[in-house]
Amino acid sequence: MKRIFAPLCILLLLAGGCQDSSRGRAPQVETSLTDEALLDTVQRRTFRYFWEGAEPVSGMARERYHVDGHYPENDKNVITSGGSGFGILALISGMERGYITREEGYVRMEQIVDFLEKADRFHGAFPHWWYGETGRTKAFGTKDDGGDLVETAFLIQSLLALHQYYVAGTKPEQELAARIDTLWREVEWNWYCNGQEVLYWHWSPRHGWEMNFPVRGYNECLIMYILAASSPTYAITPEVYHKGWAENGAIVSPHTVENIPLQLRYQGTEAGPLFWAHYSFLALDPRGLQDRYADYFDEMRNLTLANRAYCIRNPKGYKGYGTDGWGLTASYSVNGYAAHAPLESEDRGVISPTAALSSLVYTPEESMEVMRHLYARGDTLFGPYGFYDAFSDTDNWYPQRYLAIDQGPVAVTIENYRSGLLWKLFMSHPDVQRGLKKLEFRIHP
């Protein structure tokens with residue numbers, strides 16, 4: 001599911017670690033759970049989206065899962081590149097947490113890498129969607145039937161973390177790490193400049209560059225530029241980052257939203273949806289991360305606080321908004337799909353649990369308040385794979401649907417909050433370290 005203004009079988013984990021063999025049963029709500037127990041319950045349940053809910057042939061993440069079994073365009077087995085990347089990070093954490101064994105995890109990771117080696121790629125880049133049974137591209141739009149460099153970045157960041165997880169492991173793990181390295185080296189990042197000093201989001205073998213989407217100004221795409229600069233084979237120059245992404249410095253545009261200071265220009269808007277604070281920082285550690293344009297932890301924390309403050313002010317008077325009900329981001333919406341944002345024009349009264357929960361590293365107390373409130377509401381909002389994608393109390397709308405791109409950040413962020421594991425893995429990759437240095441990023445403790 002583009003985010004820019006663009007088999008169910010589960011052992012339900014109950015409080016205290018007991019297992020319930022009933023299927024599809026509502027969770028027992030225990031408001032007395034400690035923070036750690038609640039975090040583990042939510043992380044484990046969300047992890048299962050990518051473990052038990054995966055498409056069986058590829059092992060990759062389904063784009064969506066509907067509990068009622070009704071899917072648009074019969075796309076139950078359509079898989080997503082970016083969401084699968086988030087899922088790989090969730091699976092790594094699942095191995096470390098003991099949700100699955102390291103051996104079970106390896107079998108799944110080998111299945112995924114085998115699929116990626118054979119599936120459609122376009123100058124090394126992955127499409128947004130594939131058919132899981134065949135590896136052939138499913139068009140995301142009329143002309144969006146080729147390489148999607150942003151979704152590729154979301155998948156590659158996770159593969160690099162997995163590489164570091166396996167590179168000093170058993171012989172089979174080291175061999176899998178080498179295959180991951182080949183996939184990484186084959187992405188032709190600089191080719192996606194289209195001869196200019198900026199990266200383009202899409203290329204199609206049938207339509208060429210007709211999507212015409214140069215990526216400039218702050219959004220979820222920072223990780224794409226960092227990976228493109230880090231490539232050992234097809235790297236972009238620093239000028240592509242500074243002149244393209246940062247627009248010769250015009251990306252800096254100090255302003256306030258809800259009386260909270262922001263430093264960056266958010267695609268020409270005052271503040272974007274909260275996935276802009278999440279997707280680039282699931283593997284890239286924002287803590288102390290700075291370049292000449294921003295301190296990224298401070299900026300993303302303030303973006304989150306502005307989103308929360310807007311919901312508390314609640315200028316449109318929606319039901320359920322408040323200190324324990326906030327979080328506007330791209331998700332299902334009452335009438336389709338929307339990039340909800342803290343602007344009256346982009347606010348539809350829809351709360352997406354991923355928004356506050358995936359901000360846990362920036363706003364731990366505030367995000368935990370939302371998590372406790374939503375969990376206490378029981379099976380209306382919390383299902384077999386964690387919190388459902390979105391809801392509206394105003395419209396009495398509680399769909400039992402999931403999107404990989406929203407479930408992944410919840411499980412990954414909880415792990416980074418608990419241990420920093422996924423940040424440590426990605427940041428330890430020598431190519432990533434060289435790329436950050438090349439772009440003059442500074443990392444302060």
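Let us start at F391, which touches G349, V350, I351, P353, L374, R377, L381, W397 and Y398, leaving out residues up to four places away in sequence. Keep in mind that this is a predicted model. F391 sits in the loop between strand 15 (386–387) and strand 16 (401–403). With a relative accessible area of 5%, F391 is buried, because buried here means under 20%. One of its contacts shows how the chain folds back: F391 and G349 are 42 residues apart in sequence, while their C-alpha atoms are 8.5 Å apart in space.

A second loop residue worth a visit is T363, found between helix 9 (353–357) and helix 10 (364–376). T363 is buried too, with a relative accessible area of 2%. Once its neighbours within four places in sequence are set aside, T363 is in contact with T304, L305 and W326.

Now for the interior. In soluble globular proteins, nonpolar side chains tend to be buried together. Here, the largest nonpolar core has 146 residues, and I92, Y218 and Y296 have the most contacts inside it. Helix 4 (residues 149–166) gives the most to this core, contributing 12 residues. If you centre your view on Y296, you can pick out its contacts beyond four places in sequence: Y218, L222, Y241, L264, F281, P286, L289, Q290, D291 and F441.

Next, how do helix 3 and helix 5 pack? The axes of helix 3 (residues 102–118) and helix 5 (residues 171–185) are 11 Å apart and make an angle of about 30°. Helix 3 is therefore roughly parallel to helix 5, since angles under 35 degrees count as such. Their crossing is left-handed. On the helix 3 side, the contact is made by R102, Y106, M109, E110, V113, D114, L116 and E117, and helix 5 brings P172, E173, L176, R179, I180 and L183. Sorted by class, this contact has 8 nonpolar and 6 charged residues, with no polar ones.

Finally, a look at the backbone. Most residues other than glycine have a negative phi. Which value does E247 have, although it is not a glycine? The phi of E247 is positive, about 50°. E247 lies in the loop between helix 7 (238–245) and strand 9 (252–257), and at 21% relative accessibility it counts as partly exposed. E258, in the loop between strand 9 and strand 10 (260–264), also has a positive phi, near 55°. The relative accessible area of E258 is 22%, so E258 is partly exposed.

Key
Residues numbered from 1 in each chain as written. Predicted model: local features only at pLDDT ≥ 70, side-chain atom pairs only at ≥ 80, totals over all residues. Heavy atoms only, no water. Core = buried A, V, L, I, M, F, W, Y, C linked by side-chain atoms within 4.5 Å. Buried < 20%, exposed > 50% of the residue type's maximum accessible area, 1.4 Å probe, protein only. Helix = DSSP H or I, 4+ residues; strand = E, 2+ residues; numbered from the N terminus. Contact = heavy atoms within 4.5 Å. Axes fitted to C-alpha atoms, helices over the stretch in contact; angles between N-to-C directions. Parallel < 35°, antiparallel > 145°, perpendicular 65-115°, else oblique. Left-handed = near helix turned anticlockwise from the far one by under 90°. Nonpolar A, V, L, I, M, F, W, Y, C, P; charged D, E, K, R; others polar.
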